[in-house]
Amino acid sequence: MKKLIAIVALVTGLATGNAFAAGTVTATATVDLTILSAFSVNIVTSTISLGTIYQGTTTASVDPINGGASAAAFSLDGPNSTPVTFSWPSSITLSNGTDNGTFAANVTGNIANTQTSSTSLTNGGPAVNTAGSGTTVYYFWVGGTATVPAAASAGAYTGSVTVTVTY
Amino acid sequence: MRRIVLGIASFLVAANAFEQTHVVTATALVNMTMKPTMGLTTGRDLTFGFVVQGVTSIYVDPITGGNSAAYFSLSAPPNTPVTVTFSSGVLSDGSNSIAFNGALSGGPSTTQNQSSQLTSGNTITTNSSGEYYFWAGGTANLSPTQPIGTYVGSFVLTIAY
């Protein structure tokens, strides 16, 4: 009889162990959102000046780092410390109205307005970050190489290259 | 009379010598882990990130939103049904506010993109280990002229059992 009582007590104990009191638990996550002003582009130098070549010469280049004022120059106003991506056509057409050539752009950038210490940007990314402070937050320069056929006619060859900044 | 007393004393001495014992012992370590009945932990906050002024809506999908979504883990008794509710209010920069509607997904594994959308009031059942995992996202609705700044709010997940 003593043994039977002991077994009943054990079963009761196990049932109590599996039960748990009703209640609630909560957890909170912080939600964070930052609104930035939109970017705008300032034109510093709008023309890439390849200069003059003589008929029969097939290429002309402007180095965006060392090309000084021959390179086009732009700046960006906008939010600080924000990733931006630059993209541009791999090749555009130069024409004098009769003959065509091509122009492949090279773009360099810098958070400081120092062209000679700018670094090459990769078409389409990766993104670069804008400056951590200030209103004008990035500077970029555009040069490149023009190629014309050896038999291209003389004249002024022009074209336009559009650099897109994505943020 | 004197002889009898001596005889009894000799018998007691002999009995004590016979009771010599040897003892060996074995000890078992008793080990038990007691967990709280329920534990709910925030593993990551919800990050909308940067939005350019003029954008009027931004959404973080709790299932596909990756690390932008908040993350919670629930520890409870195995195979236990519990009720999930959540609340979200506004995001504020201290002077301006943005309406925020939370969204929640959950699942028995830590694989976020295999979780299922949950609505507030749903009942879920913990897995055989007593675990369940949640991810929180949602929609922020902004004014087209929403002032620039950093807006912060809360997503509160409650488990009732």
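Here are some friendly notes on this two-chain predicted model, point by point.

1. **Ground rules.** The model is predicted, so to speak a computed one: local features need pLDDT of at least 70, side-chain atom pairs count only at pLDDT 80 or more, and totals for chains, interfaces and linings use all residues. Residues are numbered from 1 along each chain as its sequence is written, while chains are lettered from A and ligands numbered from 1 in the order in which they are written.

2. **Confidence.** The model scores are ipTM 0.73 and pTM 0.60. Chain B has an average pLDDT of 85, with 80% of its residues at 70 or above; pLDDT is the predictor's confidence in each residue, from 0 to 100. Please treat residues 1-15 of chain B separately: their pLDDT is below 50, and beyond near neighbours in sequence the stretch has zero contacts in the model. A contact here means two C-beta atoms, placed from the backbone, within 7 Å.

3. **Make-up of chain B.** One helix and eleven strands are found in chain B, and the helix comes ahead of the strands when read from the N terminus. Helices (H or I, at least four residues) and strands (E, at least two) are DSSP runs, numbered from the N terminus. Of contacts in chain B between residues at least 6 apart in sequence, 76% link residues at least 24 apart. Among its 161 residues, 27% count as buried, that is, with 20 or more other C-beta atoms within 10 Å of their own; 12 or fewer makes a residue exposed, and in between it is partly exposed, with C-beta atoms placed from the backbone.

4. **The interface.** On the chain B side, 39 residues are in contact with 21 residues of chain A. Several strands of chain B each supply at least two of these residues, including β1 (39-44), β4 (70-75) and β7 (97-107). The largest share, twelve residues, comes from β11(B). By class, this side of chain B has 24 nonpolar, 14 polar and one charged residues. Nonpolar means Ala, Val, Leu, Ile, Met, Phe, Trp, Tyr, Cys and Pro; charged means Asp, Glu, Lys and Arg; the others, Gly among them, are polar.

5. **A strand pairing across the chains.** Strand β1 (residues 24-36) of chain A runs parallel to β2(B), joined to it by six bridges. One of the bridge partners is Leu46(B), which is matched with Val31(A). Strands pair if DSSP finds at least two bridges between them.

6. **The cores.** The largest nonpolar core has 36 residues, and those with the most contacts inside it include Leu33(A), Leu46(B) and Phe155(B). A core is a set of buried Ala, Val, Leu, Ile, Met, Phe, Trp, Tyr and Cys residues joined through C-beta atoms within 7 Å. Strand β1(A) gives the most to this core, six residues. Apart from it lies another core of 25 residues, among them Leu50(A) and Phe86(A). Back in the largest core, Ala70(B) is also among the residues with the most contacts, and Ala70(B) touches Ala29(A), Leu46(B) and Trp135(B), among others.

7. **Within chain A.** An open antiparallel sheet has three strands in the order β9-β5-β11, with β9 (128-129) and β11 (164-166) at the edges. Three bridges join β5 (residues 83-87) to β11(A), and Ser87(A) has Thr164(A) as a bridge partner. Elsewhere, Thr47(A) sits in the loop between β2 (40-45) and β3 (59-62) of chain A. Thr47(A) counts as partly exposed because it has 14 C-beta neighbours inside 10 Å. Its C-alpha is 5.1 Å from that of Ala72(A), 25 residues away in sequence.

Key. Lists of a residue's contacts leave out its neighbours within four places in sequence.
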